[in-house]
Each structure stands twice: as C-alpha cells, then as structure tokens.
Amino acid sequence: MKKLLVLVLLVQFGFGYAQEQFSLAAVEKFQTELNAEYADAKTSPLLPEDFKKFHTLEYYPANEKFFVVAKFIRTENEQPFEMKTSTDRRPVYVKYGEAHFNIDGQDFQLNLYRNIELSKKEQYKDYLFLPFSDLTCGNESYIGGRYIDMKIPKGDTIVIDFNTAYNPYCAYSYKYSCPKVPLENYLKIAIRAGVKKFHD
C-alpha cells in the first residue's frame, strides 16, 4: 500500500512539475499552428501581396532561458481603463495581476491584463493578455511589441513562455486595430524568443 501511495505521489508531482518545464514540442506546436493560421486565407491577417508568397513566419530558435516561472501577484480593486490602440478604438481592460521573474540575474515585472468584454464570453473567461516590448523591438522584432496569450493561474506562480510571443495583426496589415504595449511593460532586455518582425 505504501509503495502504491508513493507511486501516486510521484506521478502527481511529476505531472505538476512537467507543467512548469520547458517543452520544445510545445514551442514547435505553437509555431506550426500559427503558420497554419497565416497560410489559411480565411484566418490570415496578411495583405494579399504577402499572402501569395507566404511560406512561414520567422522565429527565434527555441530557447529555454526565455521560459520563466514567475511569481504571480493578484492586484485587487484595480479600476478598468481604456487601453490605447493603433486606431481610435479604446477597448476596456483591467490590470489583473503582476508577474515577477528573473532572467540572467536581472529582476523584471510585467503586468497582465483582462479584457472586460472578452471575459464575459465563456471561452475567454480565464484569458489574460500579456503585451510587452523589449530591446529587440524595431530591429529584430516588431517595433510595436509582441503579445503572449495567458490563462489565469490557480496558484501564486505563472508560466511565461516568451517562445510563444507573437506579433499583433498590425505588424502585417494597416487594416487592424491593435492594443499598444503599456509603458510599464517595457523590458530592458533583449527577448530573443518567439516571432521575429515580418518586414525589413
């Protein structure tokens, strides 16, 4: 009985631990699915002239360094605000929490946001929005910053895999309205992970 209990605990620990481990397969899956979205005329944000010659987005090599387990701090009693976008549209967000983490010995913080209207839909009720910019923006990556899709964590940690960072649709077409990265989410480090810029 004791052996069985130990085995069950090991399996449970291993499963939970695996959720906070870097996975090359998960990064490759993200890239494959994103490429498929952009290669499909029904879902692609690309302009017609770009779509015709599209083969794949350009990605940084998957890098475990940019997979971080951050301390999550829920921010209570935050007031909703209108987030600036690339157009006159002003979607209403609320700061949901903060992610505190370390890369190369440096401490960083990013704010996570929740879209008020989107959160009313069942499929997005636990969705969090993480926009950020870094020292690669405007050179190797899109000048306007990048996004990561997140889920509300169940505990006091949250995984941020910068290898799954993607460009706003505005990086591909002027037709879209994209949230601008808040100034507080600027990272003074080069995040060489995720999608690179599309045009030179």
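Which backbone oxygen lies 3.0 Å from a polar atom of the side chain of T85? In this predicted model, that oxygen belongs to T87. The side chain of T85 also has a polar atom 2.7 Å from the backbone oxygen of R89. T85 itself is placed in the loop between β2 (81-82) and β3 (92-103).

The surroundings of T85 can be followed further. With a relative accessibility of 3%, T85 counts as buried, because the limit for that class is under 20% relative accessible area. When its neighbours within four places in sequence are set aside, T85 is in contact with R90 and P91, and also with S177, C178, P179 and K180. The loop between β2 and β3 that holds T85 is thus described both by the polar atom pairs to the backbone oxygens of T87 and R89 and by these contacts.

Attention now turns to charged side chains. Side chains of opposite charge can pair when their charged atoms come close. The structure holds 8 salt bridges, and three of these pairs are described here, among them the one formed by K95 and E98.

In the pair of K95 and E98, the closest N and O atoms are 2.7 Å apart. Is this salt bridge built from buried or exposed residues? K95 has a relative accessible area of 15% and is buried; E98, likewise at 15%, is buried. Both residues fall in that class because buried means under 20% relative accessible area.

E122 and K125 offer another setting for a salt bridge, with their side chains meeting at 2.8 Å, N to O. Here E122 is exposed, at 56% relative accessibility, while K125 is partly exposed, at 44%. The two residues are classed apart because exposed means over 50% relative accessible area, and partly exposed lies between that limit and the one for buried residues.

A further salt bridge joins the side chains of R192 and E140, at 3.0 Å from N to O. This pair links distant parts of the chain, its members being 52 residues apart. R192 belongs to the segment after β7 (157-161), whereas E140 sits in the loop between β5 (127-132) and β6 (146-151). As for accessibility, R192 is partly exposed, with a relative accessible area of 41%, and E140 is also partly exposed, at 27%.

Taken in turn, these salt bridges involve buried residues in K95 and E98, an exposed residue in E122, and partly exposed residues in K125, R192 and E140.

Methods. Residues numbered from 1 in each chain as written. Predicted model: local features only at pLDDT ≥ 70, side-chain atom pairs only at ≥ 80, totals over all residues. Heavy atoms only, no water. Salt bridge = Lys/Arg side-chain N within 4 Å of Asp/Glu carboxyl O. Buried < 20%, exposed > 50% of the residue type's maximum accessible area, 1.4 Å probe, protein only. Helix = DSSP H or I, 4+ residues; strand = E, 2+ residues; numbered from the N terminus. Polar contact = N/O pair within 3.5 Å; in protein donor to acceptor, adjacent residues only side chain to side chain. Contact = heavy atoms within 4.5 Å.
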